[in-house]
Amino acid sequence: MHLKEVDANLLVTLDALLVDASVTRAAERLGRSASAISHALAKLREIFNDELFVRAGQRLVPTAKALELAPTVHVILAGMESLLRPSKPFDPSLSVREFAAASSEAGELILVEPLRKRLQSLAPNVHVSWTPSHRDENIDSLRNARSHFVIDIEGATVAAPDVRVARLFDDTLATLAGPDHPFVKRKPKAATFAAADHVAVNTLPTLTLLDQALRSEGLSCNVSSRVSSVLVGVLVVLNGDALLTLPSSLAAVLEKQFGLARIAQPVPPVDLPLRLMWHSSYDRDECHQWVRGEFANIAREIASAA
């Protein structure tokens, strides 16, 4: 006898007979006729080559074979019920997961760090670590689960059919200067602005985007310093007359933290649409879905505060 030839309902019948010790009561329990239960018992006797139950007055007494089968049958049926039972609603506070989010330094400061703070109270055993984003490797990183999220600017990474994309919010560029910089009190002309000292942060494309806005007037920014990080850029600005151009959402944080001033740019606003990417294999992962939702919540808060 092969497993494929055994009807799972036969095990349900066997379990009911073991509990009720009566064909009639087992039939009532299962909502079936007594003849159907008797037929199932005959099939069970054939499968196991044993009487399984013998009559003793009005009761059915299990044989040694039936008693041997009883615990295994119970475990099998309990497992089947657990498999078919609707799953409990997802509870982030009970989840234990590790995720990696690839982004620029700005993405870490704007989105990943606020998410970490949320997780401490909402889901203390769900952790999202930061990893640097490399546009040529982002898709492969998602496919191989080296990263579970990628945060980047729309168009920076060419998407693929198996990668999902969701718009987070539309940021813009902002330029910061020291509180005593002459541009704080007066809006510079485009040529004067371009000729000023600009700090380029290697991990951000902000000056490239600013140059695109200045190109219509035949101008480009004068890069006086190239630095490795936003923090180094802030220190350069605080210790001189250089300008630092960043995503506006990040500039809003830094100008408060370091006493910097935002200057008026002599160009139309430069859009910086931020998006979240993930691999389609995580579409129905409840914890991954929940973290995506938290990223979206943070993005909405940033957009509403702009």
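**View 1. Helix H9 gives the most to a nonpolar patch on the surface, with three residues.** Welcome to this predicted model, in which local features need pLDDT of at least 70, side-chain atom pairs count only at pLDDT 80 or more, and totals for chains, interfaces and linings use all residues. Residues are numbered from 1 along each chain as its sequence is written, and side-chain values use heavy atoms, leaving out hydrogens and water. The patch is made up of Leu231, Leu235, Leu238 and Phe258, which together have about 330 Å² of accessible area (Shrake-Rupley method, 1.4 Å probe, only the protein chains shown counting as cover for residues). Patch residues have over 30% relative accessible area and no salt bridge, with like charges joined within 9 Å and nonpolar side chains (Val, Leu, Ile, Met, Phe, Trp, Tyr) within 5 Å. Look for Leu235 in helix H9; this leucine is partly exposed, because its relative accessibility is 44% (buried is under 20%, exposed over 50%, partly exposed in between; 1.4 Å probe, protein chains only).

**View 2. Helix H9 also has a buried side.** H9 spans residues 230-238, and its buried residues are Val230, Gly233, Val234 and Val237. They sit on the same side of H9, because they cover an arc of only 100° around the axis, taken from the directions from the helix axis to the C-beta atoms. Their packing partners are helix H5 (105-122), helix H10 (248-258) and the strands E6 (163-177), E7 (197-201), E8 (222-227) and E9 (243-247); contact here means heavy atoms within 4.5 Å. Helices (H or I, at least four residues) and strands (E, at least two) are DSSP runs, numbered from the N terminus.

**View 3. Phe99, Phe149 and Phe295 come together in one aromatic cluster.** Two aromatic pairs turn up in a search of the whole structure. Phe99 and Phe149 meet edge-to-face, at 5.7 Å centre to centre and with 70° between the planes. This pair links strand E3 (residues 97-103), home of Phe99, with strand E5 (residues 149-153), home of Phe149, across 50 residues. Phe149 and Phe295 also form an edge-to-face pair, at 5.4 Å centre to centre and 65° between the planes. Here the link runs from Phe149 in strand E5 to Phe295 in helix H11 (residues 286-305), 146 residues apart. Phe99 is buried at 2% relative accessible area, Phe149 is buried at 0%, and Phe295 is buried at 0% too. Rings of Phe, Tyr and Trp (its six-membered ring) pair if their centres lie within 6.5 Å, with planes under 30 degrees apart stacked, over 60 edge-to-face and the rest tilted.

**View 4. Salt bridges number 13 in this structure.** Each has a side-chain nitrogen of Lys or Arg within 4 Å of a carboxyl oxygen of Asp or Glu. One of them joins Asp285 to Arg97, with the closest N and O atoms 2.9 Å apart. Asp285 is in the loop between strand E11 (271-279) and H11, while Arg97 is in strand E3, so this pair ties together parts 188 residues apart in sequence. Arg97 is partly exposed, at 25% relative accessible area. Another salt bridge pairs Glu255 with Arg262, at 2.8 Å from N to O. Glu108, Glu113 and Arg116 are joined into one network by salt bridges that share partners.

**View 5. Two loop residues other than glycine have positive phi.** Ala21, with phi near 55°, lies in the loop between helix H1 (8-20) and helix H2 (23-30). Its relative accessibility of 5% makes Ala21 buried. Leu52, with phi of about 65°, belongs to the loop between helix H3 (34-48) and strand E1 (53-56). Leu52 is buried, at 0% relative accessibility.
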